[in-house]
Structure formats: structure tokens, C-alpha cells
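Please walk through this protein with the model open beside the text, moving from the overall fold to the strands and then to individual side chains.

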Amino acid sequence: MLRFPSPVRSSALVAKAFFVLLSLCMSACVPDFLLSNPDWVVIEEGEHEPMPKRKVGLLISPGQITAEVTFDSSCVYDIGAVDADDWNKVIGLGFVGSKDQPLDGVPPHQVDGARVGWRYNPKTKRIDLGAYAYVAGKRVDFKVAETAINQPTRLTIKIDYDRKVYQILGGQPIAFTHDKSFAYATGLYFGGSQPAPHRIKVKIVD
């Protein structure tokens with residue numbers, strides 16, 4: 001016999017997902033129109049992310065996340081050999097829903113989500129760009145491209161719900177397993193393990 005989800009239960013799950021999204025996106029974030037120079041996002045020394053948060057928001061069934069990003073000279077850093085290969089993050093998204101979502105404080109984007117990773121490469125003196133995703137809580141990351149300091153670069157994440165794949169920066173597709181449609185945009189983040197060693201500035205033009 002076919003079973004269909006209870007309308008009451010489905011409505012409750014949708015309301016819960018919306019509440020979680022709203023809480024995530026309204027906690028200590030500021031909209032661009034309130035800022036004099038809204039394209040530049042800053043992480044202060046010793047922090048992992050901007051305070052208040054920037055470039056975040058609610059998304060429903062997004063098919064693509066894209067922005068023109070410029071890493072200026074402040075993105076040249078040295079955090080030592082142990083953590084040098086850690087990926088920082090720039091644009092991305094996390095999906096919210098009950099499937100595979102633990103209740104132990106793990107953020108939704110570390111269960112199901114996709115982001116663009118970045119890190120300074122002292123050998124090439126350029127910025128490495130990579131795919132950085134979580135599929136049912138398992139991390140997948142790899143380098144896709146690179147860009148120069150002060151070079152505006154278009155970054156794109158595509159979400160194909162029919163094929164169930166993320167494609168980050170046009171790289172190898174990453175298969176996902178969820179059926180979630182509620183999501184939130186994630187913003188600039190430094191780390192990895194270590195916080196920003198000095199003030200980091202990145203220009204992000206949506």
C-alpha cells in the first residue's frame with residue numbers, strides 16, 4: 001500500500017526548516033545596503049568570519065550560486081606548514097532538513113552543502129581555488145583552479161537536482177544524496193584550524 005507523508009507532519013517540518021534558516025541568517029548579520037562599501041568583506045585578525053556576518057541569506061531550491069570575487073594582498077598569509085593546506089571558504093550554501101541532520105550542534109552546511117574553498121599558495125604566489133562539500137556529513141574537497149592576487153574571478157556553484165550533483169567551479173561533479181530544498185548562503189570564512197593571522201579582505205560582488 002502506498003504511504004504519503006502526513007500533511008501536518010510535512011507542514012511542521014517546513015516550518016521548522018524555515019525557522020532554522022531564519023535564525024541562521026539573522027544572527028549577527030548585516031545587509032549590504034546599510035554599508036558604505038558593501039562589496040568588501042573583512043575578517044579581523046584572530047577571527048574566523050566577519051562580525052557581523054556578511055553575504056548570507058535564505059535560499060529556496062537554488063540552482064546556482066555565483067559571485068565575482070577578488071582576493072587582495074591581505075590574502076597573502078603564512079600560518080605554518082601544518083595548516084598550510086587547509087581550505088578557507090568564500091561563497092557557498094548549506095541545506096536544511098531533517099534527513100541526516102544530527103542534533104549535536106553540527107551546522108547544516110557540514111551535513112549537506114557546497115562551498116568554494118580558497119588558500120594562498122606560497123610556491124606559486126597565487127590563490128588556489130577548490131571544491132569543498134559535505135555529503136551526508138562526509139567531506140569532499142579538491143583543488144580545481146587558481147587565480148592571481150587582485151584578479152577579479154567569477155566563482156560558480158551549480159546544483160543539479162535531477163542528477164543530484166554539485167559542480168563547483170566547473171570541476172568534477174560531486175554526487176549528493178539529499179532531497180532538501182531549503183538552504184542558506186554561507187559567507188567568507190578563514191580556516192581550517194587557525195583563525196585569520198591578520199586582517200583579511202575579500203571583494204565579493206554578487
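In this predicted model, V69 stands opposite I204, a residue of strand β12, and this pair is a convenient place to enter the fold. The two residues belong to a pairing in which β3 and β12, the latter spanning residues 200-205, run antiparallel and are joined over 4 bridges. Strand β3, residues 64-71, is also joined to strand β8, residues 153-160, again in the antiparallel sense and by 6 bridges, and within that pairing A67 has L155 of β8 as its bridge partner. Strand β8 is in turn joined by 4 bridges to strand β9, residues 165-168, with the two strands running antiparallel, and here K158 finds its bridge partner in Q167 of β9.

These pairings belong to an open sheet of 6 strands, whose order is β1-β12-β3-β8-β9-β10 and whose pairing is antiparallel. The edges of this sheet are formed by β1 (40-43) and β10 (174-175), each of which pairs on one side only.

Seen as a whole, the protein has 1 helix and 12 strands, and along the sequence the helix comes before the strands, in the pattern α-β-β-β-β-β-β-β-β-β-β-β-β. Among the contacts with a separation of 6 or more, 71% are accounted for by residues 24 or more positions apart. Of the 206 residues in the protein, 41% are buried, while the surface that the protein exposes amounts to about 10900 Å², with carbon and sulfur atoms supplying 55% of it.

What, then, lies in the interior? In soluble globular proteins, nonpolar side chains tend to be buried together. Here the largest nonpolar core has 39 residues, and those with the most contacts inside it are V90 and W118. The strand that gives the most to this core is β6, residues 126-135, with 5 residues. The surroundings of V90 lead back to the residues met above, since, with neighbours within four places in sequence left aside, V90 is in contact with V69, F71, V116, W118, L155, T186, G187, L188 and I204. The list thus includes both V69 and I204, which stand opposite each other across β3 and β12, as well as L155, the bridge partner of A67.

The aromatic residues offer another way through the model, and a search of the whole structure finds 9 aromatic pairs. The rings of F95 and Y161 have centres 6.4 Å apart and planes at 85 degrees, so this pair counts as edge-to-face. The pair links distant parts of the chain, with F95 in strand β4 (residues 88-96) and Y161 in the loop between β8 and β9, 66 residues apart. The two partners differ in their burial: F95 counts as buried because its relative accessibility is 0%, whereas Y161, at 29%, counts as partly exposed. Y132 and Y134 also form an edge-to-face pair, because their planes lie at 70 degrees, with the ring centres 5.9 Å apart. Both of these tyrosines are buried, Y132 at 7% relative accessibility and Y134 with a relative accessible area of 10%. Elsewhere, ring pairs link F71, Y77, W118, Y120 and F190 into a cluster, and of these residues F71 and W118 are among those in contact with V90.

Two further residues, R119 and F142, can be examined through their surroundings. R119 is found in strand β5, residues 113-121, and is buried, because its relative accessible area of 13% falls under the 20% limit. The side chain of R119 reaches the backbone oxygen of D85 at 2.6 Å. Apart from neighbours within four places in sequence, R119 is in contact with Y77, A84, D85, D86, W87, N88, R126, I127 and D128, so that list takes in Y77, a member of the aromatic cluster.

F142 lies in strand β7, residues 138-147, and at 23% relative accessibility counts as partly exposed. Not counting residues up to four places away in sequence, F142 touches W87, G130, A131, Q172 and I174. The C-alpha atoms of F142 and W87 are separated by 9.4 Å, although the two residues are 55 residues apart along the chain. W87 is thus a contact of F142 and also of R119.

Technical notes. Residues are numbered from 1 along each chain as its sequence is written. This is a predicted model: local features need pLDDT of at least 70, side-chain atom pairs count only at pLDDT 80 or more; totals for chains, interfaces and linings use all residues. Side-chain values use heavy atoms; hydrogens and water are left out. Buried means under 20% relative accessible area, exposed over 50%, partly exposed in between (1.4 Å probe, protein chains only). Contact means heavy atoms within 4.5 Å. Accessible areas come from the Shrake-Rupley method with a 1.4 Å probe; for residues, only the protein chains shown count as cover. Two strands pair if DSSP finds at least two bridges between them. A nonpolar core is a set of buried Ala, Val, Leu, Ile, Met, Phe, Trp, Tyr and Cys residues joined through side-chain atoms within 4.5 Å. A polar contact is a pair of N or O atoms within 3.5 Å; within protein, one must be able to donate a hydrogen and the other to accept it, and residues adjacent in sequence count only if both atoms are side-chain atoms. Rings of Phe, Tyr and Trp (its six-membered ring) pair if their centres lie within 6.5 Å; planes under 30 degrees apart count as stacked, over 60 as edge-to-face and the rest as tilted.
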